[in-house]
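Welcome! Below are a few short exercises, each with a worked solution, to help you find your way around a new model. Have a look at it first, then work through them one at a time.

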Amino acid sequence: MSKPTLDQLEELVAQALSRIEACANGDELTACEAEVHGKRSAFTQLQRSLGELEPEARREAGSTLQSARRRVLDAYARREGVLAEGERQAQYEADRLDLGDVVAAHVRLPLRAGHPGIIATTQATLEDVFVGMGFTIADGPQIETDWYNFEALNIPPAHPARGMWDTFYVELGEPETVLLRTHTSPTQIHLMEEAVANDTLPIHAVMPGRCFRRDTPDARHLAAFHQIEGLVVDEGITFADLAGVIEKFTKEYFGPEITSRLRPAYFPFTEPSAEFEITCTLCRGAGCRTCSQTGWIELGGCGMVDPAVFAAVGIDTSRYSGFAFGFGIDRCAQMRHGIADMRAIADNDVRFLEQFS
Ligand code: PHE
């Protein structure tokens, strides 16, 4: 091989670059670099031949050679980066673990589809019954302010009636101003405020949702439970409308042999107020442990909307009257499906849950 000369430099660079591009992996690249820059390489020979030049010419030739070398070294570094990335990707692909494959190939679990829980299906059925009776469905927040859960419902601060609901407070702002709603009744206030603001009265709505009370769970109570609230505000609404809706709902949901009864009660936001009870579905009225031998099970409360509540939301009582009711969705599920102990609903024992698929 004849000695390379500086005239051939561009050609040498081009050759080196195309060799670098052709390297398919890190090893080839290392070998390529050794050849392109090694002791016997054209570059090294050219470097050595610089010594034969005059100082002026040597400096010029030296810097030309230097920049040619740099271009080759840069190309080498770039190629190295590209190859390393490719190898990393290949490694990722090789390491990928498809857990689905593992289960199918080795474990062969019987795959079973899940299904909605008993509360979700109970709520959906209740909604269907009320929609069939002409109600709309509304929703409200689970975290409430004192105004919606108590004050607007005619329960002023320090009122003894607050003792009816043991409350979980949320540490936010002033103490005891933000809370987990103890019933769905605050949603009544939201609906009435909106209807007044948008001038969309009358209201015929039910409002299902989760509620919270600082109660110790027992066979008939959970600390996190569900209620469905009903509210009708219209012209000429009377207690007879309320009693009719409760009885119609009872028969639609529990069946023709179950009836309802209203007993005088007290709620700050209704006047008059009543508790509504249905025939115990476990003993069909004969008396059993679940109904404390009375033959009746309390489902919820109801009454005519108190004028103080209408005043809080700005509804004109010379034109409108209304009724409200609220009862436990969990209690409905318990009665309809004969669940002796309500705590089973929250236990998440799959043997229990599977009964309601
Ligand atoms: N909010 C009441 C409770 O949870 C029930 C109720 C609703 C009573 C509507 C009257 C009217 O105890």
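**Exercise 1.** Find where Pro202 is located, and describe the peptide bond that joins Leu201 and Pro202.

*Solution.* Start with the place: in this predicted model, Pro202 belongs to the loop between helix 8 and strand 5 (203-212). Next, look at the bond to Leu201: it is cis, with omega about 5°. As a last step, set this against the usual picture: most peptide bonds are trans.

**Exercise 2.** Say which element holds Pro272, and what kind of peptide bond joins Glu271 and Pro272.

*Solution.* Pro272 is part of strand 8. The bond between Glu271 and Pro272 is a cis peptide bond, and its omega is about -5°.

**Exercise 3.** Locate Asp199 and work out whether its phi is positive or negative.

*Solution.* Asp199 sits in the loop between helix 8 and strand 5. Its phi is near 55°, which is a positive value in a residue other than glycine. For comparison, most residues other than glycine have a negative phi.

**Exercise 4.** Describe the largest pocket: its volume, its lining and the elements that contribute to that lining.

*Solution.* Begin with the volume, about 680 Å³. Then turn to the lining: 31 residues form it, and Arg213, Gln227, Glu298, Leu299 and Gly300 lie nearest the centre of the pocket. By class, these lining residues are twelve nonpolar, eleven polar and eight charged. Finally, trace the elements: those that supply at least two lining residues each include helix 8 (185-198), strand 6 (224-234) and strand 8 (270-279). Strand 9 (296-305), strand 10 (321-328) and helix 11 (329-337) also supply at least two each.

**Exercise 5.** Work out which space the ligand takes and which residues surround it.

*Solution.* First, the place: the ligand occupies the largest pocket. Second, the shell: 15 residues surround the ligand, and the closest are His183, Ser185, Arg213, Gln227 and Gly326. Strand 10 gives the largest share of this shell, three residues. Sorted by class, the shell has six nonpolar, seven polar and two charged residues.

Third, the contacts. A polar side-chain atom of His183 is 2.9 Å from a nitrogen atom of the ligand, and one of Ser185 is 2.8 Å from a nitrogen atom of the ligand. For Arg213, a polar side-chain atom lies 2.9 Å from an oxygen atom of the ligand. Last, the cover: the ligand taken alone exposes 330 Å², and the protein buries 94% of that.

Conventions
Residues are numbered from 1 along each chain as its sequence is written. This is a predicted model: local features need pLDDT of at least 70, side-chain atom pairs count only at pLDDT 80 or more; totals for chains, interfaces and linings use all residues. Side-chain values use heavy atoms; hydrogens and water are left out. On a 1 Å grid over the protein atoms alone, a cavity is a set of points where a 1.4 Å probe fits but cannot get out, and a pocket is an open set with protein on both sides within 12 Å along at least five of seven lines; lining residues have an atom within 4 Å of a point. Grid points are joined across faces, edges and corners, and a volume is the space filled by probe spheres set on the points. Helices (H or I, at least four residues) and strands (E, at least two) are DSSP runs, numbered from the N terminus. Ala, Val, Leu, Ile, Met, Phe, Trp, Tyr, Cys and Pro count as nonpolar, Asp, Glu, Lys and Arg as charged, and the others, Gly among them, as polar. A residue is near a molecule or strand if one of its heavy atoms lies within 4 Å of it. A polar contact is a pair of N or O atoms within 3.5 Å; within protein, one must be able to donate a hydrogen and the other to accept it, and residues adjacent in sequence count only if both atoms are side-chain atoms. Accessible areas come from the Shrake-Rupley method with a 1.4 Å probe; for residues, only the protein chains shown count as cover. A molecule sits in a cavity or pocket if more than half of its atoms lie within 2 Å of its grid points.
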